[in-house]
Amino acid sequence: MAAQKWSFKMTPVRMVMLALAALAVAIAIYRLATGLGTTTNLNDQWPWGLWIGFDVLTGVALAGGGYSTALLVHIMHINKFNVIARSAMLTSMLGYLLVMVGLFLDIGQWFNFWRPFVSWGYHSVLFEVFWCVSLYTMIQVIEFGEIATEKVAKSWHKPIKRIMPVLLILGVLLPTMHQSSLGGLYIIEVGKLHPLWWSPLIPLFFMMSSFFVGPAMVTIETTLAGKALGHHVENSILRSLVRIAGSLMVIYLALRIIDLANRSALGYVFAGGLESNMFLLEMVAGVIIPIIIAFSPWSASRSGLVTFGVLTASGVVINRMNVVFTGMYQALGPGYFPSWMEWAVTIGLVCGAVLAYLFIAENFNILGNHEEHEPA
Amino acid sequence: MLSKSVLVDLTRCTGCKACQTACKQWNDLPATFPEFDNNLTFPSKTDGNTYTIVEHRVTEKDGQDVMRFAKTQCLHCLEPACVSACFAKALQKTPEGPIVYYSNLCVGCRYCMLACPFGVPKFEWDEVFPLIAKCQYCFDPNGKYDRVGHGQQPACVDTCPNGTLIFGEREDMLKEAWQRINGDAKYVKHVYGEKEAGGTNWLYISDVPFEAFGFRTNITEKPLPEYTHEYLKWTPPLIATWGGLLTLMYFYTKRRSDVAKDDSKDIGV
Amino acid sequence: MTNHFIDYQHTDVFLMIGSNSAENHPQSMRWIGKAKRNRGAKMIVADPRLTKSTVYADIFARHRPGTDIPFLLGIMKYAIENNLYHKEYVADFTNASFLVNSEFGFTEGLFSGAQDKDGKVKYDKATWQYQKDGETVKKDPTLQHPNCVFQLLKKHVSRYDIKTVSSITGVPEDVYRKVCETYAATGAPEKSGNIIYAMGITQHTTGTQNVRAIAMLQLLLGNIGKPGGGVNAQRGESNVQGSTDLAMLSHLLPGYLGVPNATKHKNLQDYIEIETPAAGYWTNKPNFMVSLLKAFYGEYATNENDFGFDWLPKVDGKNRTHMGIFQEMMEGNVKGFFAWGQNPAVGGPGANYERKAMEKLDWLVTVDLFETETAAFWHAPGVKPEDVQTECFLLPAAFSYEKQGTVTNSGRWIQWRYQAVNPPGEAKSDLWIADELFKAVKKEYQNGGKFPEPIVNMLWDYDKPGHEEPDIEKIAVEINGYEVGKEDTALASFGQLKDDGSTVCGMWIYTGYMAIDKDMNMPNCKRRSLEDSGLGSFLKYSFSWPLNRRIIYNRCAADMDGNPWDPQRALFKWDGNKWISNDVPDFSKTKTPQESGAFPFIMLPEGHGRLFASGPVDGPFPEHYEPMESPAQNIISKQQNAPCANVFKGDWAKVAKLGDSNYPIVATTHRSIEHYQSGAVTRNCPTLAEIGPYMYVSISEGLAQEKGIQPGDDVWVETVRAKIKCKASVLPVVKPVMINGKKVEIVGMPWCFGYQGIATGAIANDLVPAVGDGNTSIQESKAFLVNITKA
Ligand SMILES: Nc1nc2c(c(=O)[nH]1)N[C@H]1C(S)=C(S)[C@@H](COP(=O)(O)OP(=O)(O)OC[C@H]3O[C@@H](n4cnc5c(=O)[nH]c(N)nc54)[C@H](O)[C@@H]3O)O[C@H]1N2
Ligand SMILES: Nc1nc2c(c(=O)[nH]1)N[C@H]1C(S)=C(S)[C@@H](COP(=O)(O)OP(=O)(O)OC[C@H]3O[C@@H](n4cnc5c(=O)[nH]c(N)nc54)[C@H](O)[C@@H]3O)O[C@H]1N2
Ligand code: SF4
Ligand code: SF4
Ligand code: SF4
Ligand code: SF4
Ligand code: SF4
Ligand SMILES: [Mo]
């Protein structure tokens, strides 16, 4: 790589994103200084809102592309997916950082965020999530260090490369754990979370969906990156990725139906009303149609792949939102809609992440060809 | 196991709110200016400044309008969901029964609020560094607000003029509850808290359905932490097997891919 | 109260009428609950609103405000006609057998002797007297004589049949029949019925007669004087019993001695001769009066100068009650006003008018804990301070926990309370303020003045060297009474008081409360022994006036031969030689049961409970009249309103005409547990302001629908006099009732709000008319007419 040289092209769109990110930073500072009550519409009825629901639960799921790709590329060594590996993992890392920021903003005693490291509430699912997410984020940062040290602090490159296998294995193990645990958080909502979503299997569903949303995200991402950064990934590679996802989705769909049937909850599916409609939307648009696309000839084309990606990702977003909001509505009642500041922070964070992605992609070897990581 | 319980007999409550006020006074909780409530329950909900309220309801019994009241607060579950949900051990169960909050350990994640099947823990939304607020059962390891730890009754129980609230061993309270129910046809044949969520230390009996006060009646009898546990217990074996599998896979496929490098052959899907 | 709170545990049937104990006397509910659980007691609540007290009710009779007399008289009719009354008791202990003047009559809602005077009836009571043979009253022990009290009563109440009562009160017939059955059942000798009442009964133009009706019903069913029975007026302010005992009322001196009248009583001799009855305990009145004068004027009170009788203030026949005073104030006749522990700007009827009247004052002194609405009348909303010329002073007073002294509760228990904390800032005890004030006034008069004697001759020596506070124990002993020369020894009984100037007593009925209990070595009112016979009398816990008697008229607890009506609850029992007692007897223990049983009501000259009473100005029997503002024609007689009611002058006394369609809704006012009275204290306590933050009006679901009012909406409540804005609470707490076949809506408002303090709100009393009972002038704040509109 060439000597250190940083470049970042400002376009009008990027300007807007920067402005939005700056606004988010300002609100974040305001929130940290004045409390949650001043900034959010959260209340005793709805203790968790947009930040947890979207920034965290959905963010982590969408960042799932990182570990599914890692599993395929680095663990299973399916080398044809190498081209997307770095980009997927970068997105993932940024996603997790974003999640960390979101979490940090959301907790009331933010100066106390480190507590669970020493005060072990190990009987809590959140404990697992907390440990896994923080460790995994750390691992991703180190993993990224492998890329970064190609350009900066080069002396670190070798040692990092040496520990990469451990990192890579942990980097799949940890997210598998906490992706499912995020669903596990809702096991305790038994009787409160609507039966369409509550299930003892919800951790499995969260894990599976976080896995198959990976390819979907990669598809979207590479397409966007392709446009913005001139990075092209062959449709065939993406298609086989999408088919892996599709297969998983078939199992997922079957499991969910069997699970509903097992819990005698199938009746809710067509019962009408908010819950049923949202469930159908989630399953039809987010799972069934994508499966059809994946195994139809359309998935050979870019438009088919992108449609698959968008639908699947939306499906997962809707699923998480359904769990956090729709499914809890009957138990918690009306009384929450995110404040403009909550929206602004969420949007701003995403913008910040996109900008960071662009910056890194333009300055590090993310999209170009590269060898698989080797232990030295 | 012995554990301290309060039996709340709603047929005895006259809605005097002495308990509610005593709680505020004893615990130095600040007063607020609540919103108007048609039922004249002020404040109409517990919140960051209010551990307990006495809900006023006009309901019907045998076709007649009747007024009834229910004091609500943390039920101090035998197997508390909130404790199991807290990842920082800020909520802990004491051997005597009270579920106590250690604010210094709290991160403010509010998972306990979501976990509690009774919607008990509340948050100090108005504070810069908000804490969880919930009835501490007048048990305070730091001493300042302690009563139960000193062998006294909770402030609210002590203040009740009508014996609506009585304090004692859970077994005795349950026995008393059933004795009252079986001795008087007016009672609903149910001790709320006997089985809900695996049982609670605050037990309620009433002559009008508990739904009149919005008590959740679809609560599972299985302790909520068990649900979580049934999932979490898989964590160690999962780590072991999945971790092992990943490692195996890593080395196996790596070798295979090294061998097949030139073939650019891939594993079909 | 004839009985006391703890005694409620012995009741078989409670009739709670016009009282809401759960909110206003919460501790009483515990004893009601106990009676229900242990005795299977029944409770009837008669109230226009579904109150918190109904939680313990077996029967709730929702009736229209101002219709208690038909409600109570109907039960009497039912008891008499179904032979359920307590025959022995009625015959032996009441005046049922007494013959009344044969001219006595009752027509068209008026009793004989009615004379029209300025549009108001004034009775000549000549025909209301007993028939006498010389000094002895003629009687018919068989109760058959057409002119005996019993027959007159029977005839009088016979018009109040279930159907009539139902159409006046609005209580459905079946519910009312159940009330009658349940309560009349306490006529059985071994049963005890307890009537608990308070302001729902008294605050009417028929208030006195409402109370009379309660007393009569209790006599008829034999419920007075025995455990679990009684006429139980649950009193108000924590020490209102004490302040009434100590002469809070304008016509009374301490101990219920009448204030002398300027024309009637030229001297002490006149007073004693005219005011002392020939029989009954009041024959001791001269002893009480002279001892009182000695307490007032000490060594200056001598036989020669009538013990200073001339120095006593006299009444002149004009109305000096609350509304009377404010009317004079409005007319400019009152120059200065001490609002000492009262808040008329919120609590007075026609409060807006009273606030206006205060603007006419030269000066106002408020002695209070807070800057109340009264203290702040000159900056009330809508008042321009610069237009008010009144000079205002606010003296900060210490709260009850910040000083010591006694409080007398409803059950007449006088309990010494100790100071818990020091008063904040410059606040001083009321006693200190009074003491300093009087000393200052006295000092002024020492330099001469108009009629200085009552002031300079006043015995006032309460300084306690080395202490800032006056010597409160010394004052207490003076109230208790002592022998001249033995100032340190409190007398044990008012039987020791003399009319020769050798005893001093500030208030005879309290005599003994500061006397030393020999066993416990402390003044009686400081005792706290939980020793008890099992009946709950707790004779060594504090001191109950008179003479530590817990249940008064308690001779009635046993029959003529001294056998208790119910052996399980034996207050007294004659074992053939002596009385076995669980209370202080209200009769001579040395006499046989037959002797004492002949005069069980010792305070009355005739010694018998009065089913017929010539005392009230408005009739010997209660009779239903509609409230001054009523939506209904009186169907029981042509007399629409209370004939002797006191109607004041001016806008505040304006009333809506019968049938005024602009004001079709009956309104009543009530209290709530969260606030005390005008709310002066409680609305300033953050924790209490929080639990009762809003002024509201309770309206029925139907009315809300009709007026398009949603729960929590702001509404206007308007009378012919004023209007206020508040929130609407829409609940079946109130519901319309059927009156003469017509639906009448009822609304209720708390009256504890004002413009000062943390929790503020509109003043309900702005709406209350200045009309009062003919006997007492208590205002009719429990029944008036309004309209409600969405604001
Ligand atoms: N918390 C609290 N306690 C108090 C007080 C307080 O302000 N707050 N005030 C104290 C004082 S000074 C007093 S005098 C007592 C008063 O105590 P209560 O008399 O019990 O008080 P209220 O609520 O004014 O009136 C009692 C009931 O009378 C009903 N009522 C209205 N109109 C009628 C009617 O025409 N007939 C009948 N039968 N009932 C009617 C009302 O609906 C109400 O429920 O309370 C004392 N205790
Ligand atoms: N509409 C309507 N009006 C009513 C009634 C009703 O039922 N309906 N009820 C009536 C009845 S029963 C009553 S008793 C009256 C009450 O009417 P008020 O007596 O005028 O009202 P309170 O609020 O009791 O006033 C007592 C004042 O004394 C002050 N205070 C308290 N403790 C002390 C002390 O130790 N020293 C001094 N100096 N001040 C002290 C308090 O702050 C308060 O301002 O209202 C009457 N008005
Ligand atoms: S009621 Fe809720 S807050 Fe209280 S112990 Fe049970 S789970 Fe915890
Ligand atoms: S908010 Fe505090 S107490 Fe509740 S779960 Fe989180 S850390 Fe524990
Ligand atoms: S037990 Fe103590 S903390 Fe809990 S409600 Fe009662 S007084 Fe309040
Ligand atoms: S103190 Fe007792 S009677 Fe009063 S509201 Fe509380 S529980 Fe009910
Ligand atoms: S005086 Fe105090 S303790 Fe007694 S009933 Fe009233 S409020 Fe309760
Ligand atoms: Mo009163």
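A charge counts as sitting over a ring when NZ of Lys or CZ of Arg is within 6 Å of the ring centre and within 35 degrees of the ring normal. That cut-off is what puts the arginines of the first view on their rings, and everything shown here comes from a predicted model.

**View 1. Two arginines of chain C sit over aromatic rings.** Arg528(C) lies over the face of Tyr541(C), and the distance to the ring centre is 5.2 Å. Arg412(C) does something similar with Trp545(C): its charged end is over the ring, 5.9 Å from the centre.

**View 2. An aromatic pair bridges chains B and C.** Count up the aromatic pairs over all chains and you get 79. The one to look at here is Phe33(B) with Tyr694(C), an edge-to-face pair with 5.6 Å from centre to centre and 70 degrees between the planes. The pair crosses between chains: Phe33(B) belongs to the loop between helix H1 (18–26) and strand S2 (53–61) of chain B, while Tyr694(C) belongs to the loop between helix H20 (686–691) and strand S28 (696–699) of chain C. How accessible are the two partners? Phe33(B) is partly exposed, at 46% relative accessibility, whereas Tyr694(C) is buried, with a relative accessible area of 19%.

**View 3. Two tryptophans meet edge-to-face in chain C.** Trp574(C) and Trp579(C) have ring centres 5.5 Å apart and planes at 65 degrees, so this pair is edge-to-face. Both tryptophans, Trp574(C) and Trp579(C), are buried.

**View 4. A cluster of rings in chain C, with a hairpin that supplies one of them.** Phe104(C), Phe106(C), Phe111(C), Tyr123(C), Trp128(C), Phe612(C) and Phe621(C) are linked into a cluster by ring pairs. Tyr123(C) is part of strand S7 (residues 120–123), where Val121(C) and Tyr123(C) point to one face and are buried, while Lys120(C) and Lys122(C) point to the other and are not. S7(C) runs antiparallel to strand S6 (residues 114–117) of chain C, with four bridges joining them. One place to spot the register is Gln115(C), whose bridge partner in S7(C) is Lys122(C). The hairpin has two residues between its strands, and Asp118(C) takes a positive phi near 50 degrees.

**View 5. Strand S28 of chain C pairs with S30.** Which way do the side chains of S28(C) point? Tyr696(C) and Ser698(C) go one way, Val697(C) and Ile699(C) go the other, and all are buried. S28(C) pairs with strand S30 (residues 723–730) of chain C in the parallel sense, over four bridges. To find the pairing in the picture, look for Ile699(C), which stands opposite Val730(C) of S30(C).

**View 6. A three-stranded open sheet in chain C.** The order of the strands is S17-S18-S23, and the pairing is antiparallel. Strand S17 (405–408) and strand S23 (543–544) are at the edges with a single partner strand each, so one side of each has no neighbour in the sheet. Strand S18 (residues 413–417) and S23(C) are joined by two bridges in the antiparallel sense. Here Ile414(C) stands opposite Phe543(C).

**View 7. Helix H6 of chain C is largely enclosed.** Six of the eight residues of H6(C) (residues 162–169) are buried, so the helix is largely enclosed by the rest of the structure. The buried ones are Ile162(C), Thr164(C), Val165(C), Ser166(C), Ile168(C) and Thr169(C). They pack against helix H3 (68–81), helix H7 (173–184) and strand S31 (737–739) of chain C. Just after the helix, Gly170(C) has a positive phi of about 90 degrees.

**View 8. Cysteines of chain B feature beside ligands 3 and 6.** Around ligand 3 there are 14 residues, and Cys74(B), Cys77(B), Cys82(B), Ile99(B) and Cys116(B) come nearest. That shell divides into twelve nonpolar residues, one polar and one charged. Ligand 6 is surrounded by 13 residues, with Cys13(B), Cys16(B), Lys17(B), Cys19(B) and Cys160(B) closest. Its shell is made up of eight nonpolar residues, four polar and one charged.

**View 9. How the three chains touch.** Two pairs of chains touch, and chains A and B have the most contacts. Chain A and chain C have no contact, and their closest C-alpha atoms are 18 Å apart.

Conventions: Residues numbered from 1 in each chain as written. Chains lettered and ligands numbered in written order. Predicted model: local features only at pLDDT ≥ 70, side-chain atom pairs only at ≥ 80, totals over all residues. Heavy atoms only, no water. Phe/Tyr/Trp six-rings, centres within 6.5 Å; stacked < 30°, edge-to-face > 60°. Buried < 20%, exposed > 50% of the residue type's maximum accessible area, 1.4 Å probe, protein only. Near = heavy atom within 4 Å. Nonpolar A, V, L, I, M, F, W, Y, C, P; charged D, E, K, R; others polar. Contact = heavy atoms within 4.5 Å. Pairing = 2+ DSSP bridges.
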